[in-house]
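Visitor: I would like to take a close look at a single part of this protein. Could you guide me through it slowly, one step after another?

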Amino acid sequence: MPEGDSLHRAAERLRVLEGDVIAAEAPHPRAAALGLAERIDGRRLERVEAVGKNLLLTFEGGVVLRSHLRMRGRWHVQRAGGRIVGKPWLVLRGHRWEAVQRNGPVLELGALAVARLGPDIMADPPDLDAMVARLRAAEQGREIGDALLDQRLVAGIGNLWRAEALFLAGVSPWDRLDDVSDEQIRCVLDEAARAMRAPRSRRFAYRRAGLPCRRCGTRILSRPQGNHARLAYWCPTCQRGTGAAKA
Ligand SMILES: [Zn+2]
């Protein structure tokens with residue numbers, strides 16, 4: 001699942017193509033219909049970056065390919081001219097290497113969507129003050145668990161790290177922003193930034209609904225939250241919350 005950290009690894013792999021003039025193809029009919037390959041083909045790839053949950057490939061002339069991998073998208077890098085199985089969305093062939101993109105991502109050209117992203121949780125160091133400021137500028141009646149997934153406020157926190165960061169900070173996902181202090185918000189963001197960089201961390205909440213909390217033994221609860229009904233996971237004892245707790 002491409003959470004922020006694996007996206008940074010994908011960007012790292014794709015950097016072998018930086019500086020190359022790219023031959024681009026879109027074998028998948030849905031990707032071909034977008035007309036992206038034609039606009040990239042023959043341009044030099046200047047830069048590959050991971051920003052929030054997006055991979056940004058900047059080509060000469062200011063053409064930016066934005067790839068949001070969602071749950072299943074994959075970039076694979078192989079020797080140029082290698083065998084290509086099936087119909088990937090995009091093949092970017094450089095001098096020695098080629099990158100193959102599979103499994104229906106969002107691919108679009110343009111930097112506009114990215115300009116609206118909040119500060120990146122995987123930046124080094126992450127700008128926690130700017131994130132707190134964005135969260136405070138949002139509608140304060142929003143639940144913090146919902147706000148953390150809003151990429152315009154903080155970029156790069158997915159459902160897994162939302163659940164874990166809120167647990168580690170002892171904050172209920174159902175607390176409204178105006179129920180929590182700046183220190184609590186900062187603590188949640190700090191826990192997210194640290195957990196996402198940890199090599200392997202034990203899960204406390206995510207996908208543990210019905211199991212006993214590893215800290216207090218209370219059963220972990222789970223319930224859809226926000227417009228996209230992403231499942232929130234929380235311990236009603238460790239994350240008691242100040243607002244109306246949902247059970
Ligand atoms: Zn607990």
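**A cysteine and the helices around it**

Guide: Let us begin with one residue: Cys-187 has a relative accessibility of 32% and therefore counts as partly exposed, since that value falls between the 20% limit for buried and the 50% limit for exposed. Please keep in mind that this is a predicted model. A student who sees a cysteine may look for a disulfide, but Cys-187 takes part in none, and the nearest cysteine sulfur, which belongs to Cys-238, is 13 Å away. A disulfide requires two cysteine sulfur atoms within 2.5 Å, so this pair does not qualify. By that rule the count for the model comes to 0 disulfides. Another cysteine, Cys-213, is buried, because its relative accessible area of 5% is under 20%.

What Cys-187 does take part in is a contact between two helices, H7 and H8. Two packed helices are described by the angle between their axes and the distance between the axes. Helix H7 covers residues 159-169 and helix H8 covers residues 182-197, and they pack at an angle of about 125° with their axes 8 Å apart. Because angles from 65 to 115 degrees count as roughly perpendicular and those over 145 as roughly antiparallel, H7 and H8 are described as oblique to each other. Their crossing is right-handed.

Turning to the residues that meet there, H7 contributes Trp-161, Ala-165, Leu-166, Leu-168 and Ala-169, while H8 contributes Cys-187, Val-188, Glu-191, Ala-192, Ala-195 and Met-196. Sorted by type, the residues of this contact comprise 10 nonpolar, no polar and 1 charged. The charged one is Glu-191 of H8, because Glu counts as charged.

If we now follow the chain onward from H8, we come to the loop between H8 and strand S9 (221-225), where Arg-207 lies. The phi angle of Arg-207 is near 55°, which is a positive value in a residue other than glycine. With a relative accessibility of 58%, Arg-207 counts as exposed, whereas Cys-187 on H8 counts as partly exposed at 32%.

One more backbone detail belongs to another loop, the one between helix H4 (112-115) and helix H5 (128-137), where Pro-125 is found. There a cis peptide bond joins Asp-124 and Pro-125, with omega about 0°.

Terms used:
Residues numbered from 1 in each chain as written. Predicted model: local features only at pLDDT ≥ 70, side-chain atom pairs only at ≥ 80, totals over all residues. Heavy atoms only, no water. Axes fitted to C-alpha atoms, helices over the stretch in contact; angles between N-to-C directions. Helix = DSSP H or I, 4+ residues; strand = E, 2+ residues; numbered from the N terminus. Parallel < 35°, antiparallel > 145°, perpendicular 65-115°, else oblique. Left-handed = near helix turned anticlockwise from the far one by under 90°. Contact = heavy atoms within 4.5 Å. Buried < 20%, exposed > 50% of the residue type's maximum accessible area, 1.4 Å probe, protein only.
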